[in-house]
Amino acid sequence: MKHVFLLIQLSKKELVIPNSVQEMERNVFLKNDTSNPNLTTIYNNTGKSFDWGTIVGGNYNPETGIVENSLGNVEIKKSN
């Protein structure tokens, strides 16, 4: 089964991406004043690499797993 996220707005600080997800669109978890302002952590359980900077909206550093965002950084972790 293929799951694709298009645009999600969350009130939670943490998000778990299940291993069934194969792709995600640009800005799907965009963090700004009106969308996902509380998001701090994404658990990527897919085993796949994504362009987290374009998914969250910011500059992604793969060495640290951090997306730098003006409203607060989002950490990308491999599992929860």
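**Thr-41, strand β7 and the largest pocket**

In this predicted model, Thr-41 is in contact with Lys-13, Glu-14, Leu-15, Val-74, Glu-75 and Lys-77, leaving aside its neighbours within four places in sequence.

Q: Is Thr-41 buried or exposed, and what is its relative accessible area?
A: Thr-41 belongs to strand β4, residues 41-44. A residue counts as buried when its relative accessible area is under 20%. Thr-41 is therefore buried, its relative accessible area being 8%.

Q: Which residue in β7 does Thr-41 stand opposite?
A: Strands β4 and β7 run parallel and are joined by three bridges. The contacts of Thr-41 include Val-74, Glu-75 and Lys-77, residues that lie within strand β7 (residues 74-77). In that strand, the residue opposite Thr-41 is Glu-75.

Q: Which residue in β7 is the bridge partner of Val-67?
A: Strand β6, residues 66-68, runs antiparallel to β7, with two bridges between them. Side chains alternate along β7: Glu-75 and Lys-77 point to one face and are not buried, while Val-74 and Ile-76 point to the other and are buried. The partner of Val-67 in β7 is Val-74.

Q: Which residue in the hairpin of β6 and β7 takes a positive phi?
A: The two strands of this hairpin run antiparallel. Five residues lie between them, and the positive phi, near 130°, is taken by Gly-72.

Q: How much space lies in the largest pocket?
A: Among the residues lining the largest pocket are Asn-44, Trp-52, Tyr-60, Ile-76 and Lys-77. By class, its lining has four nonpolar, four polar and three charged residues. The space in this pocket is about 210 Å³.

Methods
Residues numbered from 1 in each chain as written. Predicted model: local features only at pLDDT ≥ 70, side-chain atom pairs only at ≥ 80, totals over all residues. Heavy atoms only, no water. Helix = DSSP H or I, 4+ residues; strand = E, 2+ residues; numbered from the N terminus. Buried < 20%, exposed > 50% of the residue type's maximum accessible area, 1.4 Å probe, protein only. Contact = heavy atoms within 4.5 Å. 1 Å grid on protein atoms, 1.4 Å probe; cavity = no way out; pocket = protein on both sides within 12 Å on 5 of 7 lines; lining within 4 Å. Points joined across faces, edges and corners; volume = space filled by probe spheres on them. Nonpolar A, V, L, I, M, F, W, Y, C, P; charged D, E, K, R; others polar. Pairing = 2+ DSSP bridges.
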